[in-house]
Every structure is written in C-alpha cells, then in structure tokens.
Amino acid sequence: ARNHFHDYYARLLKKRRWSTRVNALLELELFRMDCLREELVALLGRRNLSDTEKFLILRIFASFQMKELLPFLKEDASSMSESQLLQLLLPLQSSLQEIILTEFTAYPLRVQCAMVDALRLRNERSTPVLTLLESLLGSEKPNLRLRVIHAIANFGYISPEGESKLVASLQQPQNEYSWEERQALARLMGSIREEHFLPILLKFLGDESYPVRQTAS
C-alpha cells in the first residue's frame, strides 16, 4: 500500500467531499500507511476540518506512535469524549507514554483521568506507573482520585510511602469522599490485605452507603 497508493491517498485527502476524506483516513489506518505524515499534519491544520476528521487523524497519530498527537491532547481534549480519549491513549507504547507520564500535570484533567484509565486497562505494573499513581492519591480532583484508587487496586500492591499517604488520607472525615470513592478504597484495602487496614474496613462496615458496606465486608 505504501509503495503503490501513496499518491492516490494524498489526492483523496485533498478532495472537497467530506465522505471521501473520511473514507481515505479510515483506509490509511486500516492499511497502516505511515508515509503520509506531512499530508495528515497539513490536513489537521485546515480551518474547516470536522471533528470526525480531526479525531481520525489523531487516532492515526496514536496508532503510528507519532509525537504530533501530544500537543493536541494538551490543547483540544475538550472536543473529544472519554471514549475517544481512551482510543487515543490505549495504543501508546512506552516512548510516548513516558512523555505523557513525565509531563502529566501539563495535560488537562480529562486527559489525566483517561490516561489513568488506560494504564489500568492495559494492566501496566511498572515502578514509574505506581509512583505516579501514588503521588495522585492526595489529588483534590475527585474524578482523578477515584480512577487512581481503582488503578492501584488493580496493582494489588502499594509501596510503604504510598501506604503511609493512603493511611493519612483515610484519617480525613468520610464525608470528604463520595460513596464511589469509599467503595473503591474498601476494594483497594482488600486487595492489599494489610492488617492495619482492618480498623478502617470495620469503620466502613457502618457506612451509610450499602455498596460501601458490602465491599468492606
């Protein structure tokens, strides 16, 4: 496809008909044609580009591990749904993923949440990933904090430093956490299975929310 259809698809990407351009993008992704980088970047810069075209181009960037994806994750994430963000983040391999984790706070909250979900869904269990997740346990953003708790529970392990941070956060009044967070915390403590979590789990057995009580038991 790269040798015989480069010029053909380059012409299709310049067509005025929307459906022609979209079909060309879908076929580029299907055939894994990574030789049209310049054409895709130029198309992405068009002022009248539709949201569908933008997403398909970004998904191609993600599939081909192209760094051109990263600026748009920082600047235009608000135009994409959670499902679309996951489609962009799940394919990323170690090189691009490492860049995002290193610059994690530079990305919008929606991207941060989606990245944590992607790490959990891919079952990432490296030390840098655990270090990042533990650093986010004290986040003031409930949506991010909930995802972090789920991701660490998926690890089934937490470092001594992270454990101390978790215990300290659990000393806060329960009403500072939503019932979803309290339930996730109960699941996390159950997956780690440390005896000093027992008093907190016993406290959760008297929680006002049934799902929290059920999980703590």
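Visitor: Why does R182 count as buried?
Guide: Its relative accessibility is 6%. Buried means under 20%, so R182 counts as buried. The model is predicted.

Visitor: And what makes E208 exposed?
Guide: E208 has 74% relative accessibility. The cut-off for exposed is over 50%, so E208 counts as exposed.

Visitor: How do you know that R182 and E208 form a salt bridge?
Guide: Their closest N and O atoms are 3.9 Å apart. The limit is 4 Å, from a side-chain nitrogen of Lys or Arg to a carboxyl oxygen of Asp or Glu. R182 and E208 therefore qualify.

Visitor: Why is this pair said to tie parts together?
Guide: R182 lies in helix α12, residues 179-192, and E208 in the loop between α13 and α14. These parts are 26 residues apart in sequence, so the pair ties them together.

Visitor: Which residues do salt bridges with shared partners join into one network?
Guide: E82, D117, R120 and R147.

Visitor: What makes R120 and D117 a salt bridge?
Guide: Their side chains meet at 3.7 Å, N to O. That is within 4 Å, so the pair is a salt bridge. Both residues lie in helix α8, three residues apart, about one turn of the helix.

Visitor: Is D117 buried or exposed, and how do you know?
Guide: D117 is at 12% relative accessibility. Set that against the limit of under 20%, and D117 counts as buried. Not counting residues up to four places away in sequence, D117 touches L86 and R147.

Visitor: Why does R120 count as partly exposed?
Guide: R120 has 30% relative accessibility. Partly exposed is what lies between the 20% and 50% cut-offs, so R120 belongs there.

Visitor: How do you know that E124 and R122 meet in a salt bridge?
Guide: The N to O distance is 3.1 Å, and the cut-off is 4 Å. The pair therefore meets the definition. E124 is partly exposed at 24%, and R122 is partly exposed at 22%. A search of the whole structure finds twelve salt bridges.

Visitor: What can be said of phi in N123?
Guide: Phi of N123 is near 60 degrees, a positive value in a residue other than glycine. N123 sits in the loop between α8 and α9. Its relative accessible area is 38%. That falls between 20% and 50%, so N123 is partly exposed.

Visitor: Which value of phi does R32 have?
Guide: About 55 degrees, which is positive although R32 is not a glycine. R32 lies in the loop between α2 and α3. At 46% relative accessible area, R32 is partly exposed; exposed would need over 50%.

Visitor: What describes the packing of α3 and α4?
Guide: Helix α3 (residues 37-44) and helix α4 (residues 51-63) pack at an angle of about 145 degrees. Their axes are 10 Å apart. The crossing of α3 past α4 is left-handed.

Visitor: Which residues meet there?
Guide: From α3, L40, V41, L43 and L44. From α4, K54, I57, L58, I60 and F61. By class, this contact has eight nonpolar residues, no polar ones and one charged. K54 is a lysine, and Lys counts as charged.

Visitor: Why is S209 called buried?
Guide: The relative accessible area of S209 is 11%. The limit is under 20%, so S209 is buried. S209 lies in the loop between α13 and α14. Residues up to four places away aside, S209 touches W179 and R182.

Visitor: And what makes P211 partly exposed?
Guide: P211 has a relative accessible area of 25%. Between 20% and 50% the term is partly exposed, so it applies to P211. P211 is found in helix α14. Leaving aside neighbours within four places in sequence, P211 is in contact with W179 and Q183.

Visitor: What is the mean pLDDT of the chain?
Guide: The mean is 88, and 97% of the residues reach 70 or more. Among the elements, helix α8 has the highest mean, 95, and helix α11 the lowest, 81.

Definitions and conventions
Residues numbered from 1 in each chain as written. Predicted model: local features only at pLDDT ≥ 70, side-chain atom pairs only at ≥ 80, totals over all residues. Heavy atoms only, no water. pLDDT = per-residue confidence, 0-100. Helix = DSSP H or I, 4+ residues; strand = E, 2+ residues; numbered from the N terminus. Buried < 20%, exposed > 50% of the residue type's maximum accessible area, 1.4 Å probe, protein only. Axes fitted to C-alpha atoms, helices over the stretch in contact; angles between N-to-C directions. Left-handed = near helix turned anticlockwise from the far one by under 90°. Contact = heavy atoms within 4.5 Å.
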